[in-house]
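Here are my notes on the model you asked me to look over. Keep the viewer open as you read, and take the points one by one.

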Amino acid sequence: MSSRVLLWVVLAVAVVALTAIVLFPFLRARQQARELPPAPSAAGAWYEVLFTSPVYPDRAENRKGGLDERLVALIDATQRTLDVAIYDFDLQNVAQAMARAKGRGVTVRMVTDTDTVNQKDQVVQAALRTVRDAGIPIVDDQRRPIMHHKFVVSDGGTVLMGSWNFTVGDTYRLNNNAAVLKSPELAANFSNEFEKMFTRRQFGPTKAKDKPNPTVTIAGAKVETYFASEENPTQRIVQAIREARSSVDFLAFSFTHDPMGDALIERQRAGVKVRGVFETTGSDTRFSEYGRLKAAGLEVYKDGNPYVMHHKVFVIDGHLTVFGSFNFSDNAADDNDENLLIVDDPQFAQPFAAEFGRMLLLAQTPIRSR
């Protein structure tokens, strides 16, 4: 074989090897994405529970059928009043739906965080401009701690809430949850919280502690509502953990609260099966409960989403669901504006348990590109 032919053979082998090295992680990611079960969803007489379903890698052409479309449908069905309290906001289709509602005579109001109003991102500002140009008033919190709510109240009878911000990233890159709840009693709770911020300009711990319906029963489900930081939900969460008899599963974007970590360790030692998935970002810091729980022998993982796992969820004994905007941290408890529901109903818990199973599988076979 001539030296020139040998050189071409060597180059060809090198190209094939390099191509394999470059493509293998991508192909493996695609394979893992295909193997992940579809995002769960569930509906009952008074609720819908929905989850995001990120596709890896994220591409604009895949951004359809998401939670944004469900919110747009809710807004388009609103006839009288629409209150929107949201931390992050850049979805133009949601902004346009709010403008349409205003145009047909619906009273539309918005509360957001000052950081969002001052955000220099052009997409954020375009969405806010659509809202303002429609004549919709926007109140921002004017404080360093964050207005972290993510909820909508439609016609005083339906609430959309959860971990989901109204952004492209939260909808199509991040793992998030949202619940649509048809209950005038729950809507009254969220409307009361909205009025404190929009009308009274009260935020954080300065808000009054009043709440129309702290605990309600809907179709047999017991639902507790909590708002921070005028009240501190952490004591109730710790109590719920300590009352666990068989299992505690959790998904945590930010988990730095020591008493919750203590309660989980105590339950593990008592024979309760405890499992958890942490968002990778920040999990190795000294503030995170991840290292402490792992060192104590609990089955905890860093998440496998190459973007962000944004859930804040506990599922306890297969029937108690803790979820909302509330991260498991002192900042959420002491400073921010947050909401949290605790729902005691096994049917309601099922989709959250299924989502935990998806996140656990993804954590065990992660797609890494961070």
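1. Let's begin with Thr 167, which counts as buried because its relative accessibility is 9%, under the 20% cut-off. Thr 167 belongs to the loop between β7 (158–162) and α6 (168–172). A polar atom of the Thr 167 side chain lies 2.9 Å from the backbone nitrogen of Asp 170. Leaving aside residues up to four places away in sequence, Thr 167 touches Asp 88, Phe 89, Asp 90 and Leu 91. Please bear in mind throughout that this is a predicted model.

2. Asp 90 comes up again with Asp 121. Asp 121 and Asp 90 are 31 residues apart along the chain, and their C-alpha atoms are separated by 9.0 Å. Asp 121 sits in the loop between α4 (114–117) and α5 (122–133). Is Asp 121 buried, exposed or partly exposed? With a relative accessible area of 34%, Asp 121 is partly exposed. The side chain of Asp 121 also reaches the backbone nitrogen of Val 123, at 2.9 Å.

3. Now to α5 and its partner α3. The axes of α3 and α5 cross at roughly 5° and come within 8 Å, which makes α3 roughly parallel to α5. On the α3 side the contact uses Gln 92, Ala 95, Gln 96, Met 98 and Ala 99, and these meet Ala 126, Ala 127, Thr 130 and Val 131 in α5. Sorted by class, the contact of α3 with α5 has six nonpolar residues, three polar ones and no charged ones. A helix has 3.6 residues a turn, so residues three or four places apart point the same way; that is a handy thought when you look down the axis.

4. Helix α3 (residues 92–103) also packs with helix α2 (residues 67–77), at an angle of about 5° and with the axes 9 Å apart. That makes α2 roughly parallel to α3. From α2 come Asp 68, Leu 71, Val 72, Ile 75 and Asp 76, while α3 offers Asn 93, Val 94, Ala 97, Met 98, Arg 100 and Ala 101. By class, the contact of α2 with α3 comprises seven nonpolar, one polar and three charged residues. Met 98 is worth selecting in the viewer: Met 98 is listed in the contact with α2 and in the contact with α5.

5. Which helix does α8 pack with, and at what angle? The axes of helix α8 (residues 234–242) and helix α9 (residues 258–269) cross at roughly 5° and come within 9 Å, so α8 and α9 are roughly parallel to each other. Thr 234, Ile 237, Val 238, Ile 241 and Arg 242 of α8 make this contact with Pro 259, Met 260, Ala 263, Leu 264, Glu 266 and Arg 267 of α9. The residues of the contact of α8 with α9 fall into seven nonpolar, one polar and three charged.

6. Two helices have lengths you can check by hand. Helix α12 (residues 346–364) has 19 residues, which at 1.5 Å a residue should span 27 Å, and its end C-alpha atoms are 26 Å apart, in agreement. For α7, the 15 residues should span 21 Å at the rise of 1.5 Å a residue, and the end C-alpha atoms are 20 Å apart, which agrees. At the start of α12, a side-chain oxygen of Asp 345 comes to within 3.3 Å of the backbone nitrogen of Gln 347. The buried residues of α12 include Phe 348, Phe 352, Glu 355, Phe 356 and Arg 358. Among the buried residues of α7 are Asn 189, Phe 190, Glu 193, Phe 194 and Lys 196.

7. Finally, some backbone geometry to look at. Most residues other than glycine have a negative phi, and most peptide bonds are trans. The peptide bond from Tyr 56 to Pro 57 is cis, with omega near -10°, and Pro 57 lies in the loop between β2 (47–51) and α2. Ala 228 and Ser 229 are likewise joined by a cis peptide bond, with omega about 5°; Ser 229 has its place in the loop between β10 (221–228) and α8.

8. Asp 155, in the loop between β6 (150–154) and β7, has a positive phi, near 55°. Asp 155 is buried, at 18% relative accessible area. Arg 201 has a positive phi of about 60° and lies in the loop between α7 (184–198) and β9 (215–218). With 51% relative accessibility, Arg 201 counts as exposed.

Note on methods. Residues numbered from 1 in each chain as written. Predicted model: local features only at pLDDT ≥ 70, side-chain atom pairs only at ≥ 80, totals over all residues. Heavy atoms only, no water. Axes fitted to C-alpha atoms, helices over the stretch in contact; angles between N-to-C directions. Helix = DSSP H or I, 4+ residues; strand = E, 2+ residues; numbered from the N terminus. Parallel < 35°, antiparallel > 145°, perpendicular 65-115°, else oblique. Contact = heavy atoms within 4.5 Å. Nonpolar A, V, L, I, M, F, W, Y, C, P; charged D, E, K, R; others polar. Expected span 1.5 Å × (residues − 1). Buried < 20%, exposed > 50% of the residue type's maximum accessible area, 1.4 Å probe, protein only. Polar contact = N/O pair within 3.5 Å; in protein donor to acceptor, adjacent residues only side chain to side chain.
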